[in-house]
Amino acid sequence: MTYLQKILDETKLKNPNELEFQQAVEEILTSIEPVIEKNQAYSDLKVIERLVEPERQIIFRVPWIDRNGQFQINRGFRIQHSSAIGPYKGGLRFHPTVNLSIIKFLAFEQTFKNALTGLSIGGAKGGSDFDPKGKTDVEIMSFCQNFMTELYRHIGQFVDIPAGDMGVGEREIGFLYGQYKRISNTFEAGTLTGKGLSYGGSLARKEATGFGLLYFVNEMLKSHNHSIQGKTVVISGSGNVAMYACKKASELGAKVIAMSDSGGYVYDKDGIDFTAIHAIKEIQRERISKYLEYHPHAEYFQGKRIWDLKCDIALPCAMQNDIDLSAATTLISNGCIAVGEGANMPTTNEAIKLFIENNVLLAPAKAANAGGVATSALEMAQNSSRLSWSFEKVDSTLKEIMTNIFEESSKAASEYGHPGNYVMGANIAGFIRVANAMTAFGAV
Ligand code: NDP
(Lines give C-alpha, C1' and ligand atoms only; values in the text may rest on other atoms or scores of the structure.)
Protein backbone atom coordinates (compact mmCIF):
# COMPACT_ATOMS: atom_id res chain seq x y z
CA MET A 1 0.00 0.00 0.00
CA THR A 2 1.36 3.43 -0.89
CA TYR A 3 2.00 6.11 1.71
CA LEU A 4 -0.86 8.34 0.43
CA GLN A 5 -3.33 5.44 0.19
CA LYS A 6 -2.58 4.64 3.84
CA ILE A 7 -3.35 8.24 4.86
CA LEU A 8 -6.57 8.16 2.84
CA ASP A 9 -7.67 4.86 4.43
CA GLU A 10 -6.93 6.21 7.90
CA THR A 11 -8.83 9.44 7.16
CA LYS A 12 -11.85 7.43 6.05
CA LEU A 13 -11.71 5.29 9.20
CA LYS A 14 -11.40 8.34 11.43
CA ASN A 15 -14.23 10.26 9.69
CA PRO A 16 -16.54 7.38 8.75
CA ASN A 17 -19.75 9.24 7.93
CA GLU A 18 -18.16 12.20 6.15
CA LEU A 19 -18.41 11.17 2.51
CA GLU A 20 -17.93 14.66 1.04
CA PHE A 21 -14.85 15.26 3.20
CA GLN A 22 -13.44 11.88 2.18
CA GLN A 23 -14.07 12.72 -1.50
CA ALA A 24 -12.26 16.07 -1.26
CA VAL A 25 -9.28 14.48 0.51
CA GLU A 26 -9.13 11.69 -2.08
CA GLU A 27 -9.05 14.20 -4.95
CA ILE A 28 -6.12 16.11 -3.44
CA LEU A 29 -4.13 13.04 -2.39
CA THR A 30 -4.47 11.50 -5.85
CA SER A 31 -3.13 14.69 -7.44
CA ILE A 32 -0.14 15.28 -5.21
CA GLU A 33 1.47 11.85 -5.56
CA PRO A 34 4.25 13.11 -7.90
CA VAL A 35 5.02 15.98 -5.50
CA ILE A 36 5.42 13.65 -2.54
CA GLU A 37 7.71 11.38 -4.56
CA LYS A 38 10.01 14.32 -5.29
CA ASN A 39 9.98 15.93 -1.81
CA GLN A 40 10.79 13.59 1.06
CA ALA A 41 10.54 16.48 3.57
CA TYR A 42 6.75 16.65 3.25
CA SER A 43 6.33 13.07 4.42
CA ASP A 44 9.11 13.30 7.03
CA LEU A 45 7.34 16.28 8.61
CA LYS A 46 3.90 14.63 8.28
CA VAL A 47 2.50 17.59 6.35
CA ILE A 48 -0.32 15.55 4.79
CA GLU A 49 -1.28 13.82 8.03
CA ARG A 50 -1.59 17.31 9.56
CA LEU A 51 -3.63 18.69 6.64
CA VAL A 52 -6.31 16.00 6.84
CA GLU A 53 -7.02 17.13 10.41
CA PRO A 54 -8.51 20.68 10.59
CA GLU A 55 -6.75 22.99 13.06
CA ARG A 56 -10.02 23.66 14.90
CA GLN A 57 -13.67 22.50 14.60
CA ILE A 58 -16.42 24.51 16.25
CA ILE A 59 -20.02 23.25 16.47
CA PHE A 60 -22.64 25.30 18.30
CA ARG A 61 -26.34 25.63 19.05
CA VAL A 62 -28.28 28.47 17.43
CA PRO A 63 -31.64 29.13 19.10
CA TRP A 64 -33.92 31.73 17.47
CA ILE A 65 -37.58 32.71 17.46
CA ASP A 66 -39.80 32.37 14.38
CA ARG A 67 -42.71 34.56 13.19
CA ASN A 68 -45.15 32.62 15.39
CA GLY A 69 -43.12 33.23 18.53
CA GLN A 70 -41.92 29.61 18.57
CA PHE A 71 -38.35 28.60 19.51
CA GLN A 72 -36.35 27.04 16.69
CA ILE A 73 -32.98 25.35 17.12
CA ASN A 74 -30.35 24.98 14.40
CA ARG A 75 -26.77 23.79 14.39
CA GLY A 76 -23.92 26.18 13.56
CA PHE A 77 -20.44 25.24 12.33
CA ARG A 78 -17.07 26.91 11.80
CA ILE A 79 -14.18 24.76 10.63
CA GLN A 80 -10.86 26.60 10.83
CA HIS A 81 -8.88 24.32 8.60
CA SER A 82 -5.50 26.00 8.11
CA SER A 83 -3.83 29.24 9.13
CA ALA A 84 -0.49 28.30 7.54
CA ILE A 85 -0.36 31.22 5.12
CA GLY A 86 -2.75 33.75 6.66
CA PRO A 87 -5.79 34.21 8.91
CA TYR A 88 -8.62 31.72 8.36
CA LYS A 89 -10.92 32.83 5.55
CA GLY A 90 -13.97 31.26 3.91
CA GLY A 91 -17.71 31.65 3.47
CA LEU A 92 -20.79 30.73 5.48
CA ARG A 93 -23.43 28.43 3.96
CA PHE A 94 -27.03 28.41 5.18
CA HIS A 95 -28.80 25.43 3.64
CA PRO A 96 -30.81 22.53 5.10
CA THR A 97 -28.27 19.98 3.78
CA VAL A 98 -25.39 21.49 5.77
CA ASN A 99 -23.62 19.04 8.08
CA LEU A 100 -20.10 18.51 9.45
CA SER A 101 -18.92 16.61 6.38
CA ILE A 102 -19.97 19.36 3.98
CA ILE A 103 -18.40 22.16 5.98
CA LYS A 104 -15.19 20.13 6.46
CA PHE A 105 -14.85 19.43 2.74
CA LEU A 106 -15.46 23.09 1.94
CA ALA A 107 -12.89 24.25 4.52
CA PHE A 108 -10.32 21.72 3.28
CA GLU A 109 -10.71 22.87 -0.34
CA GLN A 110 -10.70 26.52 0.72
CA THR A 111 -7.16 26.20 2.10
CA PHE A 112 -5.70 25.21 -1.28
CA LYS A 113 -7.93 27.63 -3.22
CA ASN A 114 -6.84 30.54 -1.06
CA ALA A 115 -3.19 29.52 -1.50
CA LEU A 116 -3.67 29.60 -5.29
CA THR A 117 -4.75 33.24 -5.21
CA GLY A 118 -1.22 34.16 -4.09
CA LEU A 119 -2.72 36.23 -1.25
CA SER A 120 -2.11 35.80 2.45
CA ILE A 121 -5.28 33.96 3.51
CA GLY A 122 -5.76 30.64 5.29
CA GLY A 123 -8.74 28.32 4.86
CA ALA A 124 -12.03 28.00 6.77
CA LYS A 125 -15.73 27.48 6.16
CA GLY A 126 -18.85 27.65 8.26
CA GLY A 127 -22.60 27.69 8.15
CA SER A 128 -25.76 26.14 9.44
CA ASP A 129 -28.53 23.72 8.53
CA PHE A 130 -30.89 26.74 8.73
CA ASP A 131 -33.05 27.01 5.58
CA PRO A 132 -33.49 30.67 4.54
CA LYS A 133 -36.04 29.77 1.86
CA GLY A 134 -39.52 31.10 2.65
CA LYS A 135 -38.37 32.93 5.80
CA THR A 136 -39.32 36.55 6.47
CA ASP A 137 -36.63 39.24 6.75
CA VAL A 138 -37.25 39.37 10.50
CA GLU A 139 -36.71 35.63 10.82
CA ILE A 140 -33.49 35.86 8.80
CA MET A 141 -32.32 38.71 11.04
CA SER A 142 -33.18 36.79 14.21
CA PHE A 143 -31.27 33.75 12.98
CA CYS A 144 -28.22 35.76 11.83
CA GLN A 145 -27.99 37.68 15.11
CA ASN A 146 -28.17 34.49 17.18
CA PHE A 147 -25.64 32.77 14.92
CA MET A 148 -23.21 35.68 15.35
CA THR A 149 -23.74 35.78 19.12
CA GLU A 150 -21.69 32.57 19.27
CA LEU A 151 -19.49 33.00 16.19
CA TYR A 152 -18.13 36.42 17.16
CA ARG A 153 -15.75 35.04 19.80
CA HIS A 154 -13.99 32.90 17.14
CA ILE A 155 -13.46 35.53 14.41
CA GLY A 156 -11.68 38.86 13.83
CA GLN A 157 -9.75 40.66 11.10
CA PHE A 158 -6.48 38.92 12.06
CA VAL A 159 -8.07 35.64 13.17
CA ASP A 160 -10.84 34.44 10.87
CA ILE A 161 -12.82 36.38 8.26
CA PRO A 162 -16.13 34.83 7.14
CA ALA A 163 -18.02 35.81 3.96
CA GLY A 164 -21.06 34.57 1.99
CA ASP A 165 -21.77 31.26 0.28
CA MET A 166 -25.06 29.51 -0.53
CA GLY A 167 -27.93 31.18 1.27
CA VAL A 168 -25.72 33.99 2.56
CA GLY A 169 -25.67 37.17 0.49
CA GLU A 170 -25.48 40.87 1.20
CA ARG A 171 -28.67 40.90 3.32
CA GLU A 172 -27.37 38.17 5.66
CA ILE A 173 -23.86 39.69 5.85
CA GLY A 174 -25.52 42.98 6.89
CA PHE A 175 -27.37 41.31 9.79
CA LEU A 176 -24.25 39.34 10.79
CA TYR A 177 -21.94 42.37 10.69
CA GLY A 178 -24.46 44.54 12.57
CA GLN A 179 -24.52 42.03 15.41
CA TYR A 180 -20.73 41.61 15.36
CA LYS A 181 -20.26 45.36 15.60
CA ARG A 182 -22.76 45.62 18.45
CA ILE A 183 -21.36 42.86 20.67
CA SER A 184 -17.67 43.48 19.99
CA ASN A 185 -18.05 47.27 20.33
CA THR A 186 -15.66 47.82 17.41
CA PHE A 187 -16.06 48.87 13.82
CA GLU A 188 -13.67 46.24 12.52
CA ALA A 189 -14.79 46.13 8.89
CA GLY A 190 -12.13 43.61 7.89
CA THR A 191 -13.85 40.92 10.00
CA LEU A 192 -16.47 40.04 7.37
CA THR A 193 -16.41 40.39 3.58
CA GLY A 194 -19.24 40.66 1.07
CA LYS A 195 -20.46 43.72 2.97
CA GLY A 196 -22.79 46.39 1.60
CA LEU A 197 -21.10 49.37 -0.04
CA SER A 198 -22.22 51.84 2.64
CA TYR A 199 -20.30 50.12 5.44
CA GLY A 200 -17.04 48.87 3.90
CA GLY A 201 -18.02 46.54 1.05
CA SER A 202 -16.13 46.41 -2.23
CA LEU A 203 -17.43 47.19 -5.68
CA ALA A 204 -17.40 44.08 -7.90
CA ARG A 205 -17.43 41.65 -4.94
CA LYS A 206 -20.86 40.26 -5.80
CA GLU A 207 -19.85 39.82 -9.44
CA ALA A 208 -16.41 38.40 -8.61
CA THR A 209 -16.91 34.63 -8.44
CA GLY A 210 -18.96 34.43 -11.65
CA PHE A 211 -16.77 36.92 -13.52
CA GLY A 212 -13.59 35.20 -12.28
CA LEU A 213 -14.90 31.83 -13.46
CA LEU A 214 -15.31 33.20 -16.98
CA TYR A 215 -11.88 34.86 -16.93
CA PHE A 216 -10.34 31.48 -16.05
CA VAL A 217 -12.40 29.52 -18.61
CA ASN A 218 -11.55 32.08 -21.29
CA GLU A 219 -7.80 31.74 -20.58
CA MET A 220 -8.10 27.95 -20.65
CA LEU A 221 -9.95 27.97 -23.99
CA LYS A 222 -7.49 30.43 -25.52
CA SER A 223 -4.51 28.30 -24.54
CA HIS A 224 -6.09 25.38 -26.42
CA ASN A 225 -6.83 27.53 -29.50
CA HIS A 226 -10.57 27.75 -28.84
CA SER A 227 -12.57 30.96 -28.74
CA ILE A 228 -15.44 31.49 -26.33
CA GLN A 229 -17.25 33.58 -28.94
CA GLY A 230 -20.37 31.90 -30.28
CA LYS A 231 -20.15 28.93 -27.90
CA THR A 232 -23.34 27.65 -26.26
CA VAL A 233 -23.24 27.54 -22.48
CA VAL A 234 -25.40 25.75 -19.90
CA ILE A 235 -25.26 26.92 -16.27
CA SER A 236 -26.71 25.09 -13.28
CA GLY A 237 -28.04 27.29 -10.47
CA SER A 238 -29.23 30.87 -10.68
CA GLY A 239 -27.76 32.28 -7.48
CA ASN A 240 -24.87 34.68 -7.00
CA VAL A 241 -22.22 32.69 -8.88
CA ALA A 242 -24.48 31.46 -11.71
CA MET A 243 -26.04 34.86 -12.34
CA TYR A 244 -22.77 36.74 -12.84
CA ALA A 245 -21.26 33.83 -14.78
CA CYS A 246 -24.20 34.26 -17.15
CA LYS A 247 -23.58 38.00 -17.43
CA LYS A 248 -19.85 37.68 -18.19
CA ALA A 249 -20.31 34.72 -20.57
CA SER A 250 -22.72 36.83 -22.64
CA GLU A 251 -20.39 39.84 -22.52
CA LEU A 252 -17.57 37.66 -23.87
CA GLY A 253 -19.75 36.61 -26.82
CA ALA A 254 -21.04 33.19 -25.71
CA LYS A 255 -24.73 32.29 -25.63
CA VAL A 256 -26.14 30.98 -22.32
CA ILE A 257 -29.12 28.82 -23.26
CA ALA A 258 -30.22 27.42 -19.89
CA MET A 259 -30.10 28.03 -16.12
CA SER A 260 -31.72 26.25 -13.18
CA ASP A 261 -32.73 26.25 -9.54
CA SER A 262 -33.56 23.31 -7.31
CA GLY A 263 -37.02 23.06 -8.94
CA GLY A 264 -36.04 22.77 -12.60
CA TYR A 265 -34.45 24.62 -15.50
CA VAL A 266 -35.37 27.22 -18.11
CA TYR A 267 -34.26 26.93 -21.71
CA ASP A 268 -34.19 30.03 -23.90
CA LYS A 269 -32.91 29.39 -27.40
CA ASP A 270 -32.35 33.15 -27.92
CA GLY A 271 -30.03 33.33 -24.91
CA ILE A 272 -30.89 33.78 -21.22
CA ASP A 273 -31.73 37.38 -20.35
CA PHE A 274 -29.53 38.37 -17.37
CA THR A 275 -31.82 41.28 -16.43
CA ALA A 276 -34.79 38.95 -16.02
CA ILE A 277 -32.79 36.42 -13.95
CA HIS A 278 -31.42 39.21 -11.79
CA ALA A 279 -34.90 40.63 -11.17
CA ILE A 280 -36.39 37.22 -10.33
CA LYS A 281 -33.56 35.88 -8.19
CA GLU A 282 -31.77 38.80 -6.57
CA ILE A 283 -34.63 41.26 -6.17
CA GLN A 284 -37.84 39.22 -5.90
CA ARG A 285 -36.22 36.02 -4.45
CA GLU A 286 -38.58 33.96 -6.64
CA ARG A 287 -38.44 30.66 -8.53
CA ILE A 288 -36.76 30.47 -11.94
CA SER A 289 -40.00 29.26 -13.56
CA LYS A 290 -41.08 32.91 -13.37
CA TYR A 291 -38.69 33.58 -16.28
CA LEU A 292 -41.53 32.60 -18.62
CA GLU A 293 -43.46 35.71 -17.50
CA TYR A 294 -40.61 37.80 -18.95
CA HIS A 295 -39.98 35.58 -22.00
CA PRO A 296 -43.06 33.51 -22.86
CA HIS A 297 -41.27 31.76 -25.73
CA ALA A 298 -38.78 30.16 -23.28
CA GLU A 299 -39.47 26.68 -21.87
CA TYR A 300 -39.45 25.43 -18.27
CA PHE A 301 -38.62 21.82 -17.38
CA GLN A 302 -39.57 20.89 -13.84
CA GLY A 303 -37.33 18.36 -12.07
CA LYS A 304 -35.32 17.61 -15.21
CA ARG A 305 -31.53 17.34 -15.51
CA ILE A 306 -29.99 20.38 -17.17
CA TRP A 307 -26.93 18.37 -18.32
CA ASP A 308 -29.03 16.53 -20.92
CA LEU A 309 -29.00 19.71 -23.02
CA LYS A 310 -26.44 19.90 -25.83
CA CYS A 311 -23.80 22.57 -25.13
CA ASP A 312 -20.17 23.48 -25.81
CA ILE A 313 -19.43 24.63 -22.26
CA ALA A 314 -20.98 23.41 -18.99
CA LEU A 315 -20.76 25.63 -15.93
CA PRO A 316 -21.98 23.88 -12.76
CA CYS A 317 -22.69 26.76 -10.32
CA ALA A 318 -25.05 25.19 -7.76
CA MET A 319 -24.30 22.19 -5.52
CA GLN A 320 -21.55 19.64 -4.95
CA ASN A 321 -21.73 16.39 -6.99
CA ASP A 322 -24.05 17.95 -9.56
CA ILE A 323 -22.24 16.22 -12.47
CA ASP A 324 -21.96 12.49 -11.88
CA LEU A 325 -20.68 9.81 -14.24
CA SER A 326 -23.96 9.61 -16.12
CA ALA A 327 -24.21 13.39 -16.64
CA ALA A 328 -20.55 13.51 -17.72
CA THR A 329 -21.14 10.71 -20.24
CA THR A 330 -24.09 12.62 -21.73
CA LEU A 331 -22.16 15.91 -21.89
CA ILE A 332 -19.24 14.21 -23.67
CA SER A 333 -21.48 12.45 -26.18
CA ASN A 334 -23.20 15.78 -26.88
CA GLY A 335 -19.85 17.34 -27.82
CA CYS A 336 -19.10 19.43 -24.71
CA ILE A 337 -15.51 20.74 -24.93
CA ALA A 338 -15.10 22.43 -21.54
CA VAL A 339 -16.43 22.37 -17.99
CA GLY A 340 -15.89 25.30 -15.61
CA GLU A 341 -16.62 24.61 -11.95
CA GLY A 342 -18.26 27.67 -10.37
CA ALA A 343 -19.61 25.59 -7.49
CA ASN A 344 -17.38 23.75 -5.03
CA MET A 345 -16.74 20.08 -5.91
CA PRO A 346 -19.63 19.96 -8.44
CA THR A 347 -18.08 17.02 -10.31
CA THR A 348 -17.65 13.56 -8.78
CA ASN A 349 -14.15 12.04 -8.87
CA GLU A 350 -15.34 9.41 -11.41
CA ALA A 351 -16.75 12.13 -13.68
CA ILE A 352 -13.50 14.16 -13.42
CA LYS A 353 -11.56 11.09 -14.54
CA LEU A 354 -13.89 10.57 -17.51
CA PHE A 355 -13.63 14.21 -18.63
CA ILE A 356 -9.82 14.09 -18.50
CA GLU A 357 -9.67 10.78 -20.37
CA ASN A 358 -11.88 12.30 -23.08
CA ASN A 359 -9.82 15.52 -23.35
CA VAL A 360 -12.64 17.72 -22.07
CA LEU A 361 -10.99 20.84 -20.63
CA LEU A 362 -11.81 20.99 -16.94
CA ALA A 363 -11.43 24.22 -14.95
CA PRO A 364 -11.41 22.96 -11.33
CA ALA A 365 -13.30 24.80 -8.60
CA LYS A 366 -10.24 25.49 -6.45
CA ALA A 367 -8.80 27.57 -9.26
CA ALA A 368 -11.78 28.66 -11.33
CA ASN A 369 -14.04 29.95 -8.54
CA ALA A 370 -11.24 31.56 -6.51
CA GLY A 371 -12.24 35.01 -7.80
CA GLY A 372 -14.76 35.45 -4.98
CA VAL A 373 -12.31 34.92 -2.16
CA ALA A 374 -9.60 36.86 -3.99
CA THR A 375 -11.90 39.86 -4.22
CA SER A 376 -12.80 39.41 -0.56
CA ALA A 377 -9.09 39.82 0.15
CA LEU A 378 -9.17 43.01 -1.96
CA GLU A 379 -12.11 44.16 0.19
CA MET A 380 -9.94 43.55 3.29
CA ALA A 381 -7.11 45.56 1.71
CA GLN A 382 -9.52 48.47 1.12
CA ASN A 383 -10.79 48.20 4.71
CA SER A 384 -7.22 48.29 6.10
CA SER A 385 -6.30 51.37 4.09
CA ARG A 386 -9.77 52.96 4.64
CA LEU A 387 -10.05 53.55 0.91
CA SER A 388 -12.53 52.39 -1.74
CA TRP A 389 -11.40 51.28 -5.16
CA SER A 390 -13.34 51.84 -8.39
CA PHE A 391 -15.23 48.95 -10.02
CA GLU A 392 -12.69 48.99 -12.86
CA LYS A 393 -9.72 48.71 -10.50
CA VAL A 394 -11.21 45.74 -8.61
CA ASP A 395 -12.30 44.02 -11.82
CA SER A 396 -8.94 44.43 -13.55
CA THR A 397 -7.09 43.16 -10.44
CA LEU A 398 -9.47 40.18 -10.36
CA LYS A 399 -8.74 39.45 -14.02
CA GLU A 400 -5.01 39.59 -13.36
CA ILE A 401 -5.35 37.22 -10.38
CA MET A 402 -7.44 34.73 -12.42
CA THR A 403 -4.92 34.79 -15.26
CA ASN A 404 -2.11 34.13 -12.76
CA ILE A 405 -4.05 31.25 -11.21
CA PHE A 406 -4.54 29.74 -14.67
CA GLU A 407 -0.82 30.10 -15.47
CA GLU A 408 0.27 28.64 -12.11
CA SER A 409 -2.08 25.66 -12.50
CA SER A 410 -0.96 25.10 -16.06
CA LYS A 411 2.74 25.34 -15.13
CA ALA A 412 2.40 22.90 -12.20
CA ALA A 413 0.48 20.42 -14.38
CA SER A 414 3.26 20.46 -17.01
CA GLU A 415 6.09 20.37 -14.48
CA TYR A 416 4.69 17.23 -12.87
CA GLY A 417 4.03 15.43 -16.15
CA HIS A 418 0.33 16.09 -16.78
CA PRO A 419 0.06 19.06 -19.18
CA GLY A 420 -3.51 20.31 -19.63
CA ASN A 421 -4.71 18.56 -16.45
CA TYR A 422 -5.73 21.65 -14.47
CA VAL A 423 -7.23 19.57 -11.66
CA MET A 424 -3.79 18.18 -10.87
CA GLY A 425 -2.09 21.49 -11.60
CA ALA A 426 -4.30 23.49 -9.24
CA ASN A 427 -4.10 20.89 -6.48
CA ILE A 428 -0.31 20.71 -6.75
CA ALA A 429 0.28 24.48 -6.89
CA GLY A 430 -2.05 25.15 -3.92
CA PHE A 431 -0.61 22.28 -1.89
CA ILE A 432 3.03 23.30 -2.38
CA ARG A 433 2.45 26.82 -1.07
CA VAL A 434 0.69 25.58 2.08
CA ALA A 435 3.12 22.71 2.60
CA ASN A 436 6.18 24.99 2.35
CA ALA A 437 4.79 27.30 5.05
CA MET A 438 4.01 24.32 7.29
CA THR A 439 7.51 22.95 6.73
CA ALA A 440 9.00 26.29 7.80
CA PHE A 441 6.96 26.35 11.04
CA GLY A 442 8.04 22.92 12.31
CA ALA A 443 5.63 20.93 14.46
CA VAL A 444 2.59 23.21 14.67
P1 NDP B 1 -26.72 30.95 -3.89
O2 NDP B 1 -27.39 30.55 -2.65
O3 NDP B 1 -26.69 32.38 -4.29
O4 NDP B 1 -27.33 30.13 -5.12
C5 NDP B 1 -27.37 28.75 -5.14
C6 NDP B 1 -28.13 28.33 -6.38
O7 NDP B 1 -28.02 26.91 -6.55
C8 NDP B 1 -29.63 28.66 -6.30
O9 NDP B 1 -30.07 29.02 -7.57
C10 NDP B 1 -30.21 27.31 -5.88
O11 NDP B 1 -31.57 27.12 -6.20
C12 NDP B 1 -29.35 26.40 -6.72
N13 NDP B 1 -29.45 25.01 -6.28
C14 NDP B 1 -29.33 24.53 -5.03
N15 NDP B 1 -29.51 23.19 -5.04
C16 NDP B 1 -29.72 22.86 -6.33
C17 NDP B 1 -29.97 21.65 -7.00
N18 NDP B 1 -30.04 20.51 -6.31
N19 NDP B 1 -30.16 21.69 -8.34
C20 NDP B 1 -30.10 22.85 -9.05
N21 NDP B 1 -29.87 24.03 -8.46
C22 NDP B 1 -29.70 24.03 -7.13
O23 NDP B 1 -25.23 30.35 -3.79
P24 NDP B 1 -23.91 30.81 -4.54
O25 NDP B 1 -24.21 31.17 -5.94
O26 NDP B 1 -23.20 31.76 -3.66
O27 NDP B 1 -23.07 29.46 -4.51
C28 NDP B 1 -23.19 28.46 -5.52
C29 NDP B 1 -21.98 27.56 -5.47
O30 NDP B 1 -20.80 28.33 -5.68
C31 NDP B 1 -21.76 26.83 -4.15
O32 NDP B 1 -21.20 25.56 -4.41
C33 NDP B 1 -20.74 27.69 -3.43
O34 NDP B 1 -20.00 26.97 -2.49
C35 NDP B 1 -19.88 28.11 -4.62
N36 NDP B 1 -19.08 29.32 -4.41
C37 NDP B 1 -19.67 30.51 -4.07
C38 NDP B 1 -18.91 31.64 -3.91
C39 NDP B 1 -19.50 32.99 -3.66
O40 NDP B 1 -18.75 33.97 -3.71
N41 NDP B 1 -20.77 33.12 -3.41
C42 NDP B 1 -17.43 31.59 -4.02
C43 NDP B 1 -16.92 30.30 -4.47
C44 NDP B 1 -17.74 29.23 -4.61
P45 NDP B 1 -32.70 27.25 -5.04
O46 NDP B 1 -32.87 28.72 -4.85
O47 NDP B 1 -33.87 26.55 -5.62
O48 NDP B 1 -32.16 26.55 -3.82
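Which polar atom lies 3.0 Å from the backbone oxygen of Gln-40? I began my notebook with that small puzzle, and the answer is one in the side chain of Ser-43. This is a predicted model, so I read every value below as computed.

**Entry 1: around helix α4**

I placed Ser-43 in helix α4, which covers residues 40-44. Ser-43 has 14% relative accessibility, and because the limit for buried is under 20%, Ser-43 counts as buried. I then stepped along to Lys-46, in the loop between α4 and α5 (47-51). Lys-46 is partly exposed, since its relative accessibility is 47%. Its phi caught my eye: Lys-46 has a positive value near 55°, and it is not a glycine. Most residues other than glycine have a negative phi, so I made a note to look for another such case.

**Entry 2: another positive phi**

I found one at Asn-225, where phi is near 60°. Asn-225 sits in the loop between α9 and β6 (232-236). Is Asn-225 buried or exposed? With a relative accessible area of 74%, Asn-225 is exposed.

**Entry 3: strands β1 to β4**

Next I went to the strands. β1 (residues 56-65) and β2 (residues 71-82) run antiparallel, and I noted 10 bridges between them. Across from Phe-60 I found Gly-76 of β2. The hairpin of these two strands has 5 residues between them, and there Gly-69 has a positive phi near 80°.

β2 also runs antiparallel to β4, with 6 bridges joining the two. Here Phe-77 has Gly-127 of β4 as its bridge partner. On to β3 (residues 88-94): this strand runs parallel to β4, and 3 bridges join them. Phe-94 is partnered by Ser-128 of β4.

How many of the residues of β4 are buried? I got 6 of 6 for this strand, which spans residues 123-128. Gly-123, Lys-125 and Gly-127 point one way, while Ala-124, Gly-126 and Ser-128 point the other way, and all are buried. I was pleased to see a lysine, Lys-125, listed among those buried residues.

**Entry 4: aromatic rings**

I then turned to the rings and came to 19 aromatic pairs. Tyr-177 and Phe-187 have ring centres 5.4 Å apart and planes at 75°, so I logged them as edge-to-face. Tyr-177 belongs to helix α8 (residues 170-184) and Phe-187 to the loop between α8 and α9 (205-223), so this pair ties together parts 10 residues apart in sequence. Tyr-177 counts as buried, because its relative accessibility is 2%.

Phe-211 and Tyr-244 gave me another edge-to-face pair, since their planes stand at 70° with the centres 6.3 Å apart. This pair links distant parts of the chain, 33 residues apart: Phe-211 is in helix α9 and Tyr-244 in helix α10 (residues 240-251). I found both of them buried.

Which residues form one aromatic cluster? I wrote down Phe-60, Trp-64, Phe-94, Phe-130, Phe-143 and Phe-147. Two of these names were already in my strand notes: Phe-60 stands opposite Gly-76, and Phe-94 pairs with Ser-128.

I also checked for lysines over rings. The charged end of Lys-38 sits over the ring of Tyr-416, 4.6 Å from the ring centre. Lys-393 does likewise with Trp-389, its charged end being 4.2 Å from the centre of that ring.

**Entry 5: the ligand**

Which residues are closest to the ligand? I listed Asp-165, Thr-209, Ser-262, Arg-287 and Asn-344, out of 23 residues that surround the ligand. Helices α9 and α10 and strand β7 (255-261) each supply at least two residues of this shell.

Backbone contacts came next. Polar backbone atoms lie 3.0 Å from a ligand oxygen at Gly-167, 3.3 Å at Gly-239 and 2.9 Å at Asn-240. On its own the ligand has 900 Å² of accessible area, and the protein covers 83% of that.

**Entry 6: Arg-205**

My last look-up was Arg-205, which I placed in helix α9. Arg-205 counts as buried, because its relative accessibility is 13%. I also checked its separation from Glu-357: the two are 152 residues apart along the chain, and their C-alpha atoms are separated by 35 Å.

Key: Residues numbered from 1 in each chain as written. Heavy atoms only, no water. Phe/Tyr/Trp six-rings, centres within 6.5 Å; stacked < 30°, edge-to-face > 60°. Helix = DSSP H or I, 4+ residues; strand = E, 2+ residues; numbered from the N terminus. Buried < 20%, exposed > 50% of the residue type's maximum accessible area, 1.4 Å probe, protein only. Lys NZ or Arg CZ within 6 Å of the ring centre and 35° of its normal. Pairing = 2+ DSSP bridges. Near = heavy atom within 4 Å. Polar contact = N/O pair within 3.5 Å; in protein donor to acceptor, adjacent residues only side chain to side chain. Areas by Shrake-Rupley, 256 points an atom, 1.4 Å probe, with all protein chains shown as cover.
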